[in-house]
Amino acid sequence: MTAIMAEPAERNDSDASSAPSEEMVLVDRARHGDLKAYDELVRRYQERIYATVYHMTSNHEDANDLAQESFVKAYQALKSFKGGSSFYTWLYRIAVNKTINFLKQRKNRQYMSLNDLDFNAEHNPELVALISEKTPRRDAGLSELQEKLNAALLKLSESHRLAVVLHDVQGLSHEEIAKIMHCNIGTVRSRLFYARQQLQALLADYVKAT
Amino acid sequence: MSENEENFEALRRLLALKRHEVPPPGYFEDFSGRVLGRIRAAEAVRELPWLLRLLQAFETKPAYPVAFASALCTLLLFGIVSVEQSPVLVSNPVLSNSPDDAFSTGPRSSAIVVNANTNPPVDVQLFGSQPNTSASFQNVDFTSNGN
């Protein structure tokens, strides 16, 4: 298992472009009921899909359910996948729609069950510098910061949160986000701008410190 | 936009903390297995006959049997009330008083109200009393007149 859940977009792009035909072969086999091929596709994208859903919900149990349901739904809908976009974008779209629908239903009961921070977080120089200024106890400071950060993210609208999560956390490009969110690049940029403005206001103490 | 990116650099560094949030150890080891398990379960349900699928839906979602029972009770009550309250009107032109009525197309003046009750009518006079007939009785004298 990788320590960091979501890697930047550069790696995603190369993954997607290096073997698109191989991926299409797997998709085609899965479409004809080959579960082994689908297993391979799930393993390929499970971490990224889980991470996106988790960063949107800030809840491990919800992310677990939604990520699994997204893969099940994608398998059942494989016949409708025409190959107009990459399988990865199509799968992302399913997960994002499912998550947004879920969040709309959950609106009145927002709660967090945050995932633990990995070992690397404590050794990240930027974070260490930030926390050292705020609190003498580093681990307690990190958890507090994590909670504040997630609470601030949950205050954003779903579309603004999604733009920030996909770009600043997951590292996807504007073009990819536009495809996933079914909108143009200008809309993505504007959502990103307003989301960051809101976050900066909500996390003013921590952002100034850096 | 690049200026904006610079303005938010501090925020972006802070957001990078999110990348360190990880699920419980070993979580992804069995993730695909759980997904495939759900797919197989869904396919198995789809292959069942409709009656079994319905029963399974009743088992998995408690709201379904409650809704089904409520609908059944409502239907039953509606049936009972409608049978009790609405008599069936049958017009019978032959039994009407005026011969014109038999051929008139307007609303019938005479109608027979037929009780929708399916119980056989019980004539209480059958037991222990004489039948009530409208025919006139003539007393017959069987005694001889002296002839």
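In this predicted model, 42 residues of chain A are in contact with 25 residues of chain B. On the side of chain A that touches chain B, two or more residues come from each of α3 (35–57), α4 (60–76), β1 (116–117), α6 (125–134), α7 (138–155), α8 (158–169), α10 (185–202) and α11 (204–209) of chain A. The largest share of that side, 8 residues, is supplied by α3(A). Sorted by class, the side of chain A that touches chain B holds 24 nonpolar, 9 polar and 9 charged residues.

**Confidence**

The model as a whole scores ipTM 0.76 and pTM 0.65. Chain B has an average pLDDT of 72, and 54% of its residues score at least 70. Within chain B, confidence is highest in helix α3 (residues 31–47), with a mean of 90, and lowest in strand β3 (residues 112–114), with a mean of 51. Where pLDDT is low, the predicted coordinates should not be read in detail.

**Strand pairing between the chains**

Strand β1(A) is joined by 2 bridges to strand β1 (residues 21–22) of chain B, and the two strands run antiparallel. In this pairing, Asp116(A) stands opposite Val22(B) of β1(B).

**Helix packing**

Two packed helices are described by the angle between their axes and the distance between the axes. The table sets out one pair that joins the two chains and two pairs inside chain A.

| Helix pair | Axis distance | Crossing angle |
|---|---|---|
| α4(A) and α3(B) | within 9 Å | roughly 50° |
| α5(A) and α9(A) | within 8 Å | roughly 55° |
| α4(A) and α5(A) | 9 Å | about 135° |

*The pair across the interface.* With axes that cross at roughly 50°, α4(A) and α3(B) are therefore oblique to each other. Their crossing is right-handed. On the side of α4(A), the contact is made by Gln68(A), Phe71(A), Val72(A) and Tyr75(A), which meet Arg34(B), Val35(B), Arg38(B), Ile39(B) and Ala42(B) of α3(B). The contact of α4(A) with α3(B) comprises 6 nonpolar, 1 polar and 2 charged residues. The chain B partner, α3(B), is the helix in which confidence for chain B is highest.

*Helix α4(A) within its own chain.* Helix α4(A) also packs on α5(A), at an angle of about 135°. That angle makes α4(A) oblique to α5(A), and the crossing is right-handed. From α4(A), the contact draws on Asp62(A), Leu66(A), Ala67(A), Glu69(A), Ser70(A), Lys73(A) and Ala74(A); from α5(A), it draws on Leu91(A), Ile94(A), Ala95(A), Lys98(A), Thr99(A) and Phe102(A). By class, the residues of this contact are 7 nonpolar, 2 polar and 4 charged.

*Helices α5(A) and α9(A).* Helix α5 (residues 87–106) of chain A packs in addition with helix α9 (residues 174–181) of chain A, and their axes cross at roughly 55°. The two helices are therefore oblique to each other, and the crossing of α5(A) and α9(A) is right-handed. In this contact, Thr89(A), Tyr92(A), Arg93(A) and Val96(A) of α5(A) meet Glu176(A), Lys179(A) and Ile180(A) of α9(A). The contact of α5(A) with α9(A) contains 3 nonpolar, 1 polar and 3 charged residues.

Conventions:
Residues numbered from 1 in each chain as written. Chains lettered and ligands numbered in written order. Predicted model: local features only at pLDDT ≥ 70, side-chain atom pairs only at ≥ 80, totals over all residues. pLDDT = per-residue confidence, 0-100. Helix = DSSP H or I, 4+ residues; strand = E, 2+ residues; numbered from the N terminus. Contact = placed C-beta atoms within 7 Å. Nonpolar A, V, L, I, M, F, W, Y, C, P; charged D, E, K, R; others polar. Pairing = 2+ DSSP bridges. Axes fitted to C-alpha atoms, helices over the stretch in contact; angles between N-to-C directions. Parallel < 35°, antiparallel > 145°, perpendicular 65-115°, else oblique. Left-handed = near helix turned anticlockwise from the far one by under 90°.
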